[in-house]
Amino acid sequence: MGFNQLDPLLHSQLRLAVMSLLISVEAADFVYIKEQTESTAGNLSVQLDKLSTAGYIEITKQFEGKKPKTTCKVTQKGVDAFDTYVKEIQQYLKP
Amino acid sequence: MRKLFEMEEKELTPQESMALIQSMIGRSRKRYSDNSFFFLLWGWIVLVASVGHYYLSTFTDFEYPFIGWSMTIVGGVISGVVGARRGKTSQVKNYTDKMYGWLWFSLGMAMFTIVFNGQLINWNTVPFILLLAGVGTAVSGAMMGFRPLQFGGFVFWALAFVAFRQPENYQMLLLAFGIAVGYLVPGYIMKANFRNNGV
């Protein structure tokens, strides 16, 4: 199996960072993810959309007063994909 | 500050992938939230109510020595409102915070049930309250990795042993002592920790 066969959705810096962050919490706010991954809003939006389209995360948009609040949550499909990705990476790292 | 992910998307090596996963998981894992507010609120309510109960029933002829316990209703409302507001405004929902909320909600229900039916057990409620408070503090302490609370749990447990063998009056003093050691002292330490180093 070649290295390039890894899940292309996860094998990208920002998307992998987002998934790693979401995997250990129940849900996280857009602002929190942006701060923790040190990304820009524009880039993060694009990557979140890709993950959401793939069904790896669930995005909920609400209004808190007048401020929009975007919450992200990893789905079971996302957890499975992340598990598979980690197992494959571990295969490569085996001496 | 350098934007970590604004650099050109380059191919990740397996080592880089693993390091990235570990660092992100590490960021979201925090030791505990500052819950000192709740420990201090309930610590003071119970301390005042129990000492008042002891004083009024021992040294006065006042008909309702348990009057101070009505403050628990106010405490319940304040806890509910503050808890809900914190949950709404927090940017991240941790499983720990959720478990923590359910633990204390369940214990609160159990305590309410015991006190509400107190007459049926001759108002021998304090030993049971001490045991439940002990479960809450010990488990919260373990979840947060915060030893003063775990120690408080053991103090509650030991006091419950004694309280089963004492009349209601003295039970109130044991409860006051337990709440000071199990809620107030850890609560103030927690508050100071957060103020000093934000952990």
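**Nonpolar cores**

I began with the largest nonpolar core of this predicted model, which holds 33 residues, and I noted that Val18(A), Met19(A), Leu22(A) and Ile33(A) touch the most other members. I then looked up which elements supply at least two residues each to this core, and found in chain A the helices H1 (13–23), H2 (30–37), H3 (41–53) and H4 (76–93) along with strand S3 (67–74), joined by helix H1 (14–28) of chain B. The most is given by H1(A), with 7 residues.

I followed Val18(A) further and, leaving aside its neighbours within four places in sequence, I listed its contacts as Ile33(A), Thr37(A), Leu44(A), Leu48(A) and Leu51(A). I also recorded a second, separate core of 32 residues, with Leu103(B), Val126(B), Phe146(B) and Val155(B) among its members.

**The interface of the two chains**

I turned next to the meeting of the chains, where 30 residues of chain B are in contact with 34 residues of chain A. The area buried between chain B and chain A comes to about 3000 Å², and carbon and sulfur atoms give 59% of that area. How many salt bridges does the rule find across this interface? I found 1 salt bridge there, and I noted separately that the side chains of Lys98(B) and Glu26(A) meet in a salt bridge at 3.1 Å, N to O.

**Helix H7 of chain B**

I checked helix H7 of chain B, which covers residues 168–197 and so has 30 residues by the DSSP runs. From its first C-alpha to its last, H7(B) reaches 42 Å, which is close to the 44 Å expected at 1.5 Å a residue. I also looked for a bend in H7(B), and found one of about 35 degrees at Ala180(B).

**Positive phi angles**

I kept in mind here that most residues other than glycine have a negative phi. Glu38(A) is not a glycine, yet it has a positive phi of about 50 degrees, and I placed Glu38(A) in the loop between H2 and H3 of chain A. Is Glu38(A) buried or exposed? I entered Glu38(A) as buried, because its relative accessible area is 16%, under the 20% limit.

Trp123(B), also not a glycine, has a positive phi of about 55 degrees, and I found Trp123(B) in the loop between helix H4 (95–116) and helix H5 (126–144) of chain B. I entered Trp123(B) as partly exposed, because its relative accessibility is 40%, a value that falls between the limits of 20% and 50%.

Technical notes. Residues are numbered from 1 along each chain as its sequence is written. Chains are lettered from A and ligands numbered from 1 in the order in which they are written. This is a predicted model: local features need pLDDT of at least 70, side-chain atom pairs count only at pLDDT 80 or more; totals for chains, interfaces and linings use all residues. Side-chain values use heavy atoms; hydrogens and water are left out. A nonpolar core is a set of buried Ala, Val, Leu, Ile, Met, Phe, Trp, Tyr and Cys residues joined through side-chain atoms within 4.5 Å. Buried means under 20% relative accessible area, exposed over 50%, partly exposed in between (1.4 Å probe, protein chains only). Helices (H or I, at least four residues) and strands (E, at least two) are DSSP runs, numbered from the N terminus. Contact means heavy atoms within 4.5 Å. The expected span of a helix is 1.5 Å times one less than its number of residues. The bend at a residue is the angle between axes fitted to the seven residues ending there and the seven starting there. Buried area is the accessible area (1.4 Å probe) that two parts lose on being put together, summed over both. A salt bridge is a side-chain nitrogen of Lys or Arg within 4 Å of a carboxyl oxygen of Asp or Glu.
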